[in-house]
Amino acid sequence: MAHTSSFGSRAFAVGVRCSFLTFVAAACCLLATASAFSQEFKEATVDDSLAAQKATIIGSGDSAQIKDFLRKYYLARWTVRANARDLVKYRQELEQDVLSLSGDAQKTFIAETLSALNSYASSDACYPACRFNVALAMGTIDEAASADRNGAATPCADAIAPLATLVNSDKKPYPDYVRLAGLIGLVRHAELGIKDDKTRGNVKSLFVKILDPQFAVQKGLRDDVYEWFQEKAVQGLAAFKTPDGANGGTGTLDLFKQLINDDKQKYEVRCLAARAIGEMDLTAAAGYDFLDLSKSLVLLARGFCTENMSYIDTEIVRDSVKSSAASGVSTGSGAMGGGMGMGSGMGMGGGMSGGAMGGGMTGSGNIQNAKSLEAIAARILYGFDSVERAVKGVKNGGQGVLAQLDDSKQPEKEMKENLDTMIKEFAEMAEFVKNGSQSAGGMYGGMTGGGMGMGATSDVVGADANSLKNHLLEKRIKFDEILGIDSY
């Protein structure tokens, strides 16, 4: 389907996942360090002699015996800071042990386990990594494994209520990392399916609440941390694949449209919202103003051009500073704008294309690091791919906005043609990213092709950073034409 998904979506998504894992690790480490100065964490006494009795006890169906086992050995191990490296292993062990049971034995074990996990997640006496992992574990317990390799597991529905409490509680000031772990669990439930209508509506309402900036204020979340909550909330709403809100109507579609229209909103959030629209069953939104939504998507593509041009400038400066620091050479602002600074790239492409036509003759360097260049390209392609998904839909999923427009109505017929043009521009951009000016001429293709500068070379990106920036300007002008905006 999309021309950009093979490299752009995968590379950008990997970057997001890596950043998320980095955040989690950093958050736990920082909170653990900070908390260590303010309090002394308590560790449970672990009775290792109970280890040999695990199979008998967890399958006994005896609540008192299971509770004693969990608190004295099985989960007690999680509270010991020396066992921090084994927490992931403990979670995996728990998941497998639950799946090894069935019937009343499984039900009893799950009930006692959730109770114990919740108590540890809620306890200020437990060190942060423990609290984070027990909260994660609450969301990864399944009642049944998938029937086949590609099937979905059946998550434990009884975990939803305590997870929601961790995320949303006002009575107890849970740390942000505990709330985030709970939210990860709720998103997983949404993705695997919530059978009960009332529960599903409550979870959907909570995701909507999280997207209101007042949530961050009420819960005392820092801006950088709140961004992760927003992304997870959008991901959770997207999992339902329906335009309706918690109370019916088109509440979720309205919210996603609001997010993509908000140019102050984070890039990743707007991408996720657009992608989610492409997976929705939009036929369920009869009477919706799809013409206006189409305009919003073109504006989003235009906004992505502007934002990525600015992003490239920032990354060029960052790369120049890094390169200069590594080589011990002072930086310059570029050939045309600030003299022949060594950090600017020293090439005709570096001096001329940095500002040429794109933001004044300021000049700037180019990206020297191939991985940085690939990350820039992936970001551009992921953004365009997200818009394309909203327009065209996805395989075995939604049909997209394009299919909802009516050819019998002249404005909608014209918009369909405009959307087709925009998709062709996305394809041309993907080709330019891959091959540079060799494959796609254009207003600036000859001036700023990947071969002129002394920037990075890459096996997957054939254009340099400055030529990408100028090509984005070309695309923005094209989208201005579609929207009837005067570019000058």
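**Exercise 1. Decide whether Asn-396 is buried, partly exposed or exposed.**

Solution. Asn-396 has 79% relative accessibility. Exposed means over 50%, so Asn-396 counts as exposed. Keep in mind that we're looking at a predicted model here. To find the residue, go to the loop between helix H17 (370-392) and helix H18 (410-435). Now check its backbone: the phi of Asn-396 is near 60 degrees, a positive value in a residue other than glycine. Here's the background for that: most residues other than glycine have a negative phi.

**Exercise 2. Do the same job for Lys-241: place it, then class its exposure.**

Solution. Start with the place: Lys-241 sits in the loop between helix H11 (223-239) and helix H12 (251-261). Next, the backbone: its phi is positive, about 60 degrees, although Lys-241 is not a glycine. Last, the exposure: the relative accessibility of Lys-241 is 41%. That lies between the 20% and 50% cut-offs, so Lys-241 counts as partly exposed.

**Exercise 3. Work out how the axes of H11 and H13 run relative to each other, and which residues meet.**

Solution. Take helix H13 as residues 267-279. The axes of H11 and H13 come within 9 Å and cross at roughly 0 degrees. Angles under 35 degrees count as roughly parallel, so H11 and H13 are roughly parallel to each other. Now for the residues. On the H11 side you'll find Gln-230, Glu-231, Val-234 and Ala-238. They meet Glu-268, Val-269, Leu-272, Ala-273 and Ala-276 of H13. Sorted by class, this contact has 6 nonpolar, 1 polar and 2 charged residues.

**Exercise 4. Compare the length of helix H9 with its expected span, then find what its buried residues pack against.**

Solution. H9 covers residues 197-211, which makes 15 residues. From first C-alpha to last, H9 reaches 22 Å, close to the 21 Å expected at 1.5 Å a residue. Its buried residues are Gly-201, Val-203, Lys-204, Leu-206, Phe-207, Ile-210 and Leu-211. These pack against helix H7 (160-168), helix H8 (176-192), helix H10 (214-219), H11 and H12.

**Exercise 5. Step back and describe the whole protein.**

Solution. Count the elements: there are 19 helices and 2 strands. Then look at burial: of the 488 residues, 50% are buried. Among contacts with a separation of 6 or more, 71% join residues 24 or more positions apart. Finally, the surface: the protein exposes about 22,000 Å², with carbon and sulfur atoms supplying 51% of it.

Terms used. Residues are numbered from 1 along each chain as its sequence is written. This is a predicted model: local features need pLDDT of at least 70, side-chain atom pairs count only at pLDDT 80 or more; totals for chains, interfaces and linings use all residues. Side-chain values use heavy atoms; hydrogens and water are left out. Helices (H or I, at least four residues) and strands (E, at least two) are DSSP runs, numbered from the N terminus. Buried means under 20% relative accessible area, exposed over 50%, partly exposed in between (1.4 Å probe, protein chains only). Contact means heavy atoms within 4.5 Å. Accessible areas come from the Shrake-Rupley method with a 1.4 Å probe; for residues, only the protein chains shown count as cover. Axes are lines fitted to C-alpha atoms, for helices over the stretch in contact, and angles run from 0 to 180 degrees between N-to-C directions. Angles under 35 degrees count as roughly parallel, over 145 as roughly antiparallel, 65 to 115 as roughly perpendicular and the rest as oblique. Ala, Val, Leu, Ile, Met, Phe, Trp, Tyr, Cys and Pro count as nonpolar, Asp, Glu, Lys and Arg as charged, and the others, Gly among them, as polar. The expected span of a helix is 1.5 Å times one less than its number of residues.
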